[in-house]
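Trainee: Before we discuss this model, could you lay out the sequence and structure, so that we can work through them together?

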Amino acid sequence: MQDRVLVVGIDGVRLDVLRRLPTPHLDALAADGFLTPVEVDADTPTMSGPCWATVVTGVSVAKHGVWSNNFTGHRLDVFPDFATRLAEKDGSRTFVAAGWQPLMQVRSGGPLFRAPSRSVYIAPAEDTPRAWEECDEQITTAATRVLAQEDMRASFVYLGAPDETAHYLGCGEEYETSIRQADARLGRLLAAVRSRPSYAGERWTVLVVTDHGHADAGGHGGRTTEERTAWLIAAGPGIGAPPPVVRHVDVAAQALVCVGRHPDRHWSLDGRPFAARPHAVLLDMDGTLVDTESLWLRTVRETAPDVDVNHVLGRSVADTAAHLHTRTGADPQALAAGLEARFLAAVRQEATPLPGALDLLDLLAENGIPAALVSASSRPVVDAVLDVLGAHRFRTTVAEGETPRTKPASDPYRAAARALGVDPAACLAVEDSPTGVRAAEAAGCRVLAVPSYAAIDPAPRRTVLPDLKGIGTRELWAAGL
């Protein structure tokens with residue numbers, strides 16, 4: 001499946017007006033995904049230039065340096081738009097269509113869109129509502145042709161008539177008519193996407209966003225709720241309910257991950273995605289996929305009945321034996337041999353998949369997401385569990401002793417990501433113990449935690465669920481964001 005994203009920017013549409021109007025195409029997208037308010041950042045002027053720069057670069061005004069509708073003094077060479085990033089970094093085909101001059105031309109400090117693969121610029125004949133409607137119509141016609149026929153990985157289409165109408169005529173009947181016409185044009189863009197001969201083999205995400213609102217009489221630039229309240233509609237694979245807060249900077253970050261481009265840390269983006277297909281899922285074994293933690297604790301407690309689970313959960317046999325040596329004085333090597341033999345026997349006789357584990361592995365296979373098994377258990381134990389889970393479900397496996405260090409060090413997770421050829425930061429790790437979570441996060445992974453015997457608190461890039469049951473694409477795409 002080929003991933004594609006279409007971002008449609010509709011300038012100056014008030015959220016309260018949008019919510020009361022019949023806009024079937026926007027409404028259908030919102031029903032498939034979500035519609036959420038976006039508050040213009042307190043440091044950002046409620047003007048088109050600063051807001052659109054924030055939307056398409058994924059950084060705030062303090063970084064991109066666009067403070068007005070004159071872009072002079074910007075830092076767009078350091079913080080480019082997402083279409084330019086994809087074209088320059090990945091060689092991806094990207095497309096931008098717009099009629100507002102600073103977005104497209106080297107005038108007034110522009111352009112905002114520095115170097116997409118292809119662009120269409122059609123200026124309005126004059127700055128009037130009627131001329132802007134004609135301009136948006138021409139932009140839509142040109143964009144539908146490109147979207148239907150060409151292989152663009154990421155596209156941005158700008159519609160400016162609603163904003164111009166509000167400036168001239170206020171937020172009355174004519175303004176509402178212009179918003180409905182923008183909705184109809186969105187419908188044509190979506191129809192063009194769906195008409196593609198290759199559409200059945202593509203995954204499309206559609207993001208529709210406005211930059212700011214308007215005062216009742218028209219105009220913006222102030223700090224009223226009506227002017228500072230923008231909105232975003234998002235629909236596509238893995239997009240479900242919106243997070244509590246969505247910001248303009250999140251749009252570019254989301255557009256990038258929709259086409260599989262995990263943002264590089266050196267880009268210093270301020271935004272973060274709200275739904276991202278993991279490049280790979282790296283799964284712990286004991287207590288996460290199979291009910292072996294109880295077998296391990298039982299084995300350990302045969303030697304030290306009052307042992308603290310935090311000292312042995314998610315740990316290797318060698319680490320556990322070293323800990324038991326401090327408590328019992330027994331020889332560490334003898335302790336390790338005894339633990340390994342008894343645990344392996346128990347696993348071979350009693351190990352069973354935990355609820356939801358096989359369903360999750362099936363979900364990964366259905367979506368073409370590679371899975372890796374990353375364990376602090378020995379290779380004989382891992383192989384015994386693979387007999388239960390099915391070795392074919394995993395692209396690679398990592399056992400204790402196969403990396404310089406084991407959990408809680410990051411080595412096993414970094415090794416698994418390396419074997420799969422993916423960035424650990426684009427991977428989702430699934431863990432049940434604090435020890436495993438520390439290892440995954442040290443490697444830079446997103447984490448989905450399903451605590452077994454020790455509590456795990458939610459944290460940035462970490463989602464905590466009670467178990468693996470009922471996980472679908474939306475939960476998977478959102479985990480760890």
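Mentor: Helices are DSSP runs of H or I at least four residues long, numbered from the N terminus. Please keep in mind throughout that this is a predicted model.

Trainee: Which residue with a positive phi follows helix 11, and near what value is that phi?

Mentor: Helix 11 covers residues 249-258. The residue to look at comes after this helix and is Gly260, with a positive phi near 80°.

Trainee: How many of the residues of helix 11 are buried?

Mentor: Buried means under 20% relative accessible area, and among the residues of helix 11 that meet this are Asp250, Gln254 and Cys258. The buried residues pack against strand 1, helix 3, helix 5, strand 6 and strand 7. Helix 11 is largely enclosed by the rest of the structure, because the number of its residues that are buried is 10 of the 10.

Trainee: In the sheet of 7 strands, which are the edge strands?

Mentor: The sheet is open and its pairing is mixed, with the strands in the order 2-7-6-1-5-3-4. An edge strand pairs on one side only, and this applies to strand 2 (34-39) and strand 4 (118-121).

Trainee: What is the bridge partner of Ala97 in strand 5?

Mentor: Strand 3 (residues 94-98) and strand 5 (residues 154-159) run parallel and are joined by 4 bridges. Within strand 5, the partner of Ala97 is Val157.

Trainee: At about what angle does helix 7 run to strand 5?

Mentor: Helix 7 (residues 129-149) lies across strand 1, strand 3, strand 4, strand 5 and strand 6. Relative to strand 5, helix 7 runs at about 165°.

Trainee: Is helix 14 roughly parallel or roughly antiparallel to helix 16?

Mentor: The axes of helix 14 (residues 332-350) and helix 16 (residues 379-389) come within 9 Å and cross at roughly 5°. Angles under 35 degrees count as roughly parallel, so the relation of helix 14 to helix 16 is roughly parallel.

Trainee: How do the residues of that contact of helix 14 with helix 16 divide into nonpolar, polar and charged?

Mentor: Helix 14 contributes Glu340, Phe343, Leu344, Val347 and Arg348, while helix 16 contributes Pro380, Val381, Ala384 and Val385. The contact residues divide into 7 nonpolar, no polar and 2 charged.

Trainee: What distance separates the C-alpha atoms of Ala478 and Phe274?

Mentor: Ala478, in helix 19 (residues 473-478), is partly exposed, with a relative accessible area of 34%. Beyond its neighbours within four places in sequence, Ala478 is in contact with Phe274, Arg446 and Thr463. Although Ala478 and Phe274 are 204 residues apart along the chain, the separation of their C-alpha atoms is 6.2 Å.

Terms used: Residues are numbered from 1 along each chain as its sequence is written. This is a predicted model: local features need pLDDT of at least 70, side-chain atom pairs count only at pLDDT 80 or more; totals for chains, interfaces and linings use all residues. Side-chain values use heavy atoms; hydrogens and water are left out. Helices (H or I, at least four residues) and strands (E, at least two) are DSSP runs, numbered from the N terminus. Buried means under 20% relative accessible area, exposed over 50%, partly exposed in between (1.4 Å probe, protein chains only). Contact means heavy atoms within 4.5 Å. Two strands pair if DSSP finds at least two bridges between them. Axes are lines fitted to C-alpha atoms, for helices over the stretch in contact, and angles run from 0 to 180 degrees between N-to-C directions. Angles under 35 degrees count as roughly parallel, over 145 as roughly antiparallel, 65 to 115 as roughly perpendicular and the rest as oblique. Ala, Val, Leu, Ile, Met, Phe, Trp, Tyr, Cys and Pro count as nonpolar, Asp, Glu, Lys and Arg as charged, and the others, Gly among them, as polar.
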